[in-house]
Amino acid sequence: NTTNHRLSEHQSLQFLIQILKALDYMHNTLKICHRDIKPENILLNYDKDNNPILKIIDFGFACFIPESGYMTPKIGTVTYHAPEMLDGDKYDVKVDLWSTGVLLMNMITGAEPFSSHPNIPIEQQILNKPINFDEIKNQNLKVLAMDLLQRDPTHRIDAKTALDKAIKMALPDAELMEMEFKRLDDGGKGLITWEKILESYNRKETDDEHFDGVNELITYNNF
């Protein structure tokens with residue numbers, strides 16, 4: 001349910017995890033940068049149990065990551081542009097993480113943090129406007145939003161690290177944690193750590209349909 005077009009922080013986190021899973025897969029397995037993450041390019045579907053499933057679509061501005069790791073064309077949707085793209089600097093896959101941070105703020109607050117203003121162009125807002133994170137009540141989620149919206153890309157979080165942090169937030173329940181530890185128990189031969197839980201959690205759905213969907217869309221777009 002939404003209030004004034006907002007999602008709850010719990011639902012926003014669940015959606016964020018799915019987006020970060022797809023970005024981690026694209027960046028680190030397919031070696032693709034999307035460059036146009038925004039609400040219009042997130043498809044909402046439901047599985048057989050009526051759980052919401054997100055798929056990233058429209059790879060029209062996507063590209064394979066060059067060997068150098070850097071790109072230069074300023075393309076995409078300006079409201080979701082990362083500062084380094086607006087500066088005309090070379091940029092890397094972390095532009096997708098900035099856009100995801102803007103999308104997260106949109107989900108939680110019901111509004112984009114940078115929007116049309118008669119006196120302040122959106123580009124100037126993205127480069128200079130202080131971002132108000134106070135509407136995010138969960139402190140860990142607030143920190144993650146700040147990590148995604150670091151204007152300096154060298155300080156911005158990457159998809160894999162952001163995904164791991166988001167999963168930790170989504171697995172606080174003691175009973176669920178006990179289940180995960182038992183499921184991963186190796187007979188006492190080694191210590192069960194968060195890293196093992198995250199590794200196991202991240203393996204789930206790796207070959208799932210929403211990753212097949214990414215490949216189908218790449219093929220469809222003749223990418």
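Biologist: What makes the lining of the largest cavity count as five nonpolar, three polar and three charged residues?

Modeller: In this predicted model, local features need pLDDT of at least 70 and side-chain atom pairs 80 or more, while totals for chains, interfaces and linings use all residues. Numbering runs from 1 along each chain as its sequence is written, and side-chain values use heavy atoms, without hydrogens or water. As for the classes, Ala, Val, Leu, Ile, Met, Phe, Trp, Tyr, Cys and Pro are nonpolar, Asp, Glu, Lys and Arg charged, and the others, Gly among them, polar. The lining includes Ile75 and Met85, Thr77 and Ser99, and Arg35 and Asp36, so these count as nonpolar, polar and charged in turn.

Biologist: Why are those lining residues?

Modeller: Each has an atom within 4 Å of a cavity point, that is, a point on a 1 Å grid over the protein atoms alone where a 1.4 Å probe fits but cannot get out.

Biologist: Happy with that! Why is the Trp98 and Phe114 pair called stacked?

Modeller: Their ring centres lie 6.1 Å apart, with 10 degrees between the planes. Rings of Phe, Tyr and Trp (its six-membered ring) pair with centres within 6.5 Å; planes under 30 degrees apart are stacked, over 60 edge-to-face, the rest tilted, so this pair is stacked. A search of the whole structure finds one aromatic pair.

Biologist: Are these two residues buried or exposed?

Modeller: Trp98 and Phe114 are both buried, meaning under 20% relative accessible area with a 1.4 Å probe and protein chains only (exposed is over 50%, partly exposed in between).

Note on methods: On a 1 Å grid over the protein atoms alone, a cavity is a set of points where a 1.4 Å probe fits but cannot get out, and a pocket is an open set with protein on both sides within 12 Å along at least five of seven lines; lining residues have an atom within 4 Å of a point.
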